[in-house]
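Reader: I would like to go through this model with you and ask what stands behind each label. Could we begin with the empty spaces?

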Amino acid sequence: MVAFNFQERFAGLVASRIKKQTIRQTKRAKPGDRIQLYAGMRTKKCRKLVDPDPVCTVVDYVSIRPEYLTLGDTRKHPGDADDFAVRDGFEGYDDMVEWFRETYGSPYFQGYVHAWE
């Protein structure tokens with residue numbers, strides 16, 4: 001089973017099932033896997049955000065750049081870059097790019113989006 005840890009900024013959105021995807025540097029799950037969603041892992045404040053464990057439905061390549069968003073298979077992700085960013089818990093695409101800039105020291109990011117039901 002795969003576990004994902006979320007920052008407090010995103011924990012409430014995951015728990016309320018508004019945020020149903022996460023972007024990570026590596027593939028961590030595959031479609032059909034049950035995934036566990038936590039906040040505060042490896043601390044005394046660790047808590048499970050969703051029960052029962054959801055099932056991973058999509059794992060797809062993603063490249064985030066200030067100029068554009070690239071996805072492995074756009075058919076798996078309806079809407080535009082702003083819609084994608086909102087599904088991931090951001091106000092819009094510019095907010096997402098800024099978060100990646102602050103978190104990783106660069107607005108350029110390549111990784112994988114994991115989505116669940």
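Author: Gladly. A cavity here is a set of grid points where a 1.4 Å probe fits but cannot get out. The model is a predicted one, and the structure holds one cavity of 30 Å³ or more.

Reader: How much space lies in the largest cavity, and which residues line it?

Author: The largest cavity has about 40 Å³ of space. Its lining is made of Val14, Arg17, Lys19, Lys20, Leu37, Val50, Pro54, Trp116 and Glu117. By class, that gives five nonpolar residues, four charged ones and no polar ones.

Reader: What makes Trp116 count as nonpolar and Lys19 as charged?

Author: The classes go by residue type: Trp is on the nonpolar list and Lys is on the charged one, so Trp116 and Lys19 fall in those classes.

Reader: Arg17 is in that lining. What is said of its phi?

Author: Phi of Arg17 is positive, about 65°, although the residue is not a glycine. Arg17 sits in the loop between α1 (8-15) and β2.

Reader: Why is Arg17 called partly exposed?

Author: Its relative accessibility is 40%, and partly exposed runs between 20% and 50%, so Arg17 belongs there. Arg42 also has a positive phi, near 65°, and is not a glycine either. Arg42 lies in the loop between β3 and β4. With 79% relative accessibility, against a cut-off of over 50%, Arg42 is therefore exposed.

Reader: Now the open space. Which residues lie nearest the centre of the largest pocket?

Author: Those are Thr22, Ile23, Arg24, Trp99 and Tyr104, out of 15 lining residues. β1, β2 (21-24) and α3 (93-104) are the elements that give two or more residues to this lining. The largest share, four residues, comes from α3. About 270 Å³ of space lies in this pocket, and its lining divides into seven nonpolar, five polar and three charged residues.

Reader: Let us turn to charges. How do you know that Lys30 and Asp33 form a salt bridge?

Author: The N to O distance between their side chains is 3.3 Å. The rule asks for a Lys or Arg nitrogen within 4 Å of an Asp or Glu carboxyl oxygen, so the pair qualifies. Lys30 is exposed, because its relative accessible area of 52% is over 50%.

Reader: What makes the pair of Asp51 and Lys48 a salt bridge as well?

Author: Their closest N and O atoms are 3.9 Å apart, and this value is within 4 Å, so the label holds. Asp51 counts as exposed at 60% relative accessibility, while Lys48 at 35% counts as partly exposed. Salt bridges link Lys48, Asp51 and Asp53 in a network. Another salt bridge joins Glu67 to Arg65, with closest N and O atoms 3.5 Å apart. By this rule the count comes to nine.

Reader: What is the peptide bond from Asp51 to Pro52 like, cis or trans?

Author: It is cis, with omega near 5°. Pro52 lies in the loop between β4 (47-48) and β5.

Reader: Why is His77 called buried?

Author: His77 has a relative accessible area of 6%, and buried means under 20%, so the label follows. His77 is in the loop between β6 (69-71) and α2 (81-87). Its side chain joins that of Asp60 in a polar contact of 2.9 Å.

Reader: What makes β5 pair with β7?

Author: Eight bridges join β5 to β7 (residues 109-116). Pairing needs at least two bridges, so these strands pair. They run antiparallel. β5 is also joined to β6, by three bridges and again antiparallel, and a hairpin connects the two through four residues. Val62 stands opposite Gly111 in β7 and opposite Leu71 in β6. β5 (residues 56-64) is mostly covered, with seven of its nine residues buried.

Reader: Which residues of β1 are on its covered face, and which on the uncovered one?

Author: Val2, Phe4 and Phe6 are on the covered face, and Ala3 and Asn5 are on the uncovered one. In a regular strand the side chains alternate between the two faces of the sheet. β1 is joined to β3 (residues 35-39) by five bridges, and these strands run parallel. In β3, Ala39 is the bridge partner of Phe6.

Conventions: Residues numbered from 1 in each chain as written. Predicted model: local features only at pLDDT ≥ 70, side-chain atom pairs only at ≥ 80, totals over all residues. Heavy atoms only, no water. Buried < 20%, exposed > 50% of the residue type's maximum accessible area, 1.4 Å probe, protein only. 1 Å grid on protein atoms, 1.4 Å probe; cavity = no way out; pocket = protein on both sides within 12 Å on 5 of 7 lines; lining within 4 Å. Points joined across faces, edges and corners; volume = space filled by probe spheres on them. Polar contact = N/O pair within 3.5 Å; in protein donor to acceptor, adjacent residues only side chain to side chain.
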